[in-house]
Amino acid sequence: MEYIERKKALLVLKDGTVFYGKSIGIEGTAFGEICFNTGMTGYQEIFTDPSYFGQIMLATTAHIGNYGVNNNEVDSDGIKIAGLVCKNFSFNHSRVDSNSDLLTYLKEANLVAISDVDTRALTAHIRDNGAMNAIISTDGKSVSELKELLNNVPSMDGLELSSKVSTKEAYTFGNSSASFKVAAIDFGIKTNILRCFDERDCFVKVFPYNVSFAELEAFEADGYFLSNGPGDPKALASLGVLDTVNKVIDSGKPVFGICLGHQLIGLSQGVSTFKMFSGHRGVNHPIMNKETGRGEITSQNHGFAIEKAALDRHPNLELTHVHLNDGTVAGMKMIDREVFSVQYHPESSPGPHDSRYLFDEFVQSMIKKKGA
């Protein structure tokens with residue numbers, strides 16, 4: 001292994017707190033809202049999840065990079081996180097089917113990453129004080145310089161980011177002769193979602209976040225999918241996206257939404273969203289399915305959520321899933337239509353497969369509609 005100079009690195013939080021660490025060998029400065037993910041594996045899927053766009057990722061697991069990277073374990077066209085903070089960075093890796101070491105992968109993306117940080121103390125600080133903007137630097141900037149730069153970083157509250165990660169042109173995924181056609185609106189869609197549809201005999205056409213309903217309708221889909229994505233859902237509402245969501249719902253065809261798509265369904269029906277104190281990010285979040293009475297362990301990544309009180313008051317929406325840690329809304333459905341959504345990632349990339357039945361339920365709703 002080539003010699004890597006481990007320069008001093010700094011992390012400065014919006015509240016003025018400073019943490020010290022070391023550079024992994026990529027010089028620069030990165031900023032964004034800092035968030036932590038409690039997953040012990042799946043770092044490559046996390047780094048390439050478009051829902052993390054604009055965020056500095058704090059890994060709570062002790063080791064990052066120990067199994068390298070694999071070209072088949074990406075969930076978009078590249079790394080989407082703004083920066084990385086970890087405890088121990090593994091420059092050596094051990095895995096039979098790895099294509100590269102993590103350092104090379106991060107260097108190709110010019111992603112600033114720092115290690116040797118007291119991640120337990122940092123995570124505890126975020127839990128106690130809430131998610132906030134942060135800046136990390138490995139290029140010798142002083143604390144005072146970083147604090148000045150941090151003053152110009154916009155808050156995630158009110159920030160629209162889907163336009164930064166959504167596809168620019170529509171594209172297709174899967175077998176064009178499949179039994180079902182799904183029109184997916186890309187607010188930051190993950191590749192494994194498309195794989196899950198393909199495995200269920202669905203041909204998917206993925207459209208940009210600002211697609212018109214006329215273009216969606218021309219595809220003659222059997223159902224509509226509203227994807228995950230980054231940023232504040234209310235910011236998308238101001239761009240006219242809710243008009244398209246309402247038309248999709250009014251089409252009478254089955255609709256399935258996850259994460260940001262779930263929040264947009266709520267907003268389209270007059271149910272508000274709010275920014276969470278520190279968010280849910282990890283692969284072991286417990287959910288209760290209120291319809292079956294069964295628990296699920298789920299993969300989650302969100303910093304906004306549906307207002308439960310507003311959902312409970314709505315005459316045509318029903319709570320279907322609840323987060324067992326804090327009682328927040330984890331899923332809902334419309335009473336008079338084949339429309340349902342969840343606030344987590346059933347494609348499980350990374351994470352357990354407890355919730356993949358939701359894709360099957362969506363397929364069943366398309367079968368039911370086609371047979372009506």
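Which element gives the largest share of the lining of the largest pocket? Read on to View 1 for that one; every view here comes from a predicted model.

**View 1. The largest pocket and the residues that line it.**
Here's the answer to the opening question: α12 supplies six residues, the largest share of the lining. The pocket has a volume of about 270 Å³. Its lining is made of 20 residues, and the ones closest to the centre are E291, K333, E338, F340 and E361. Besides α12, the elements that put two or more residues into this lining are β17 (317-323), β18 (329-334) and β19.

**View 2. The "active site" residues from UniProt, seen together.**
An unreviewed UniProt entry lists C259, H345 and E347 under "active site". These residues are spread over 89 residues of sequence, yet they cluster in space, with a largest C-alpha distance of 11.7 Å. From this set, C259 is part of the lining of the largest cavity.

**View 3. A close look at C259.**
C259 sits in the loop that links β14 (255-258) to α10 (260-268). Is C259 buried or exposed? Its relative accessible area is 2%, so C259 is buried. Leaving out residues up to four places away in sequence, C259 touches N228, V342, Q343, Y344 and H345. H345 turns up again here, as it's also on the UniProt "active site" list.

**View 4. A close look at E347.**
Look for E347 in the loop between β19 (339-342) and α12 (357-371). With a relative accessibility of 0%, E347 counts as buried too, because the cut-off for that is under 20%. Which residues does E347 touch, not counting those up to four places away in sequence? They are K190, N192, I193, C196, I258, R356 and F359.

**View 5. The seven-stranded barrel.**
Follow the strands around in the order β1-β2-β8-β6-β4-β3-β9 and you've gone round a closed barrel with mixed pairing. On average, neighbouring strands of this sheet are turned by 35 degrees against each other, direction ignored. Strands of a sheet pair through backbone hydrogen bonds, and they can run parallel or antiparallel.

**View 6. Zooming in on β1 and β2, with helix α4 packed on the sheet.**
How do β1 (residues 8-13) and β2 (residues 18-23) run, parallel or antiparallel? They're antiparallel, and five bridges join them. One to pick out is K8, whose bridge partner in β2 is K22. Helix α4 (residues 143-150) packs on this sheet and touches β1, β2, β3 (29-37) and β9 (132-137). The direction of α4 makes about 40 degrees with that of β1.

Methods. Residues numbered from 1 in each chain as written. Predicted model: local features only at pLDDT ≥ 70, side-chain atom pairs only at ≥ 80, totals over all residues. Heavy atoms only, no water. UniProt positions renumbered as here; feature names shortened; annotations may be inferred. 1 Å grid on protein atoms, 1.4 Å probe; cavity = no way out; pocket = protein on both sides within 12 Å on 5 of 7 lines; lining within 4 Å. Helix = DSSP H or I, 4+ residues; strand = E, 2+ residues; numbered from the N terminus. Buried < 20%, exposed > 50% of the residue type's maximum accessible area, 1.4 Å probe, protein only. Contact = heavy atoms within 4.5 Å. Pairing = 2+ DSSP bridges. Axes fitted to C-alpha atoms, helices over the stretch in contact; angles between N-to-C directions. Points joined across faces, edges and corners; volume = space filled by probe spheres on them.
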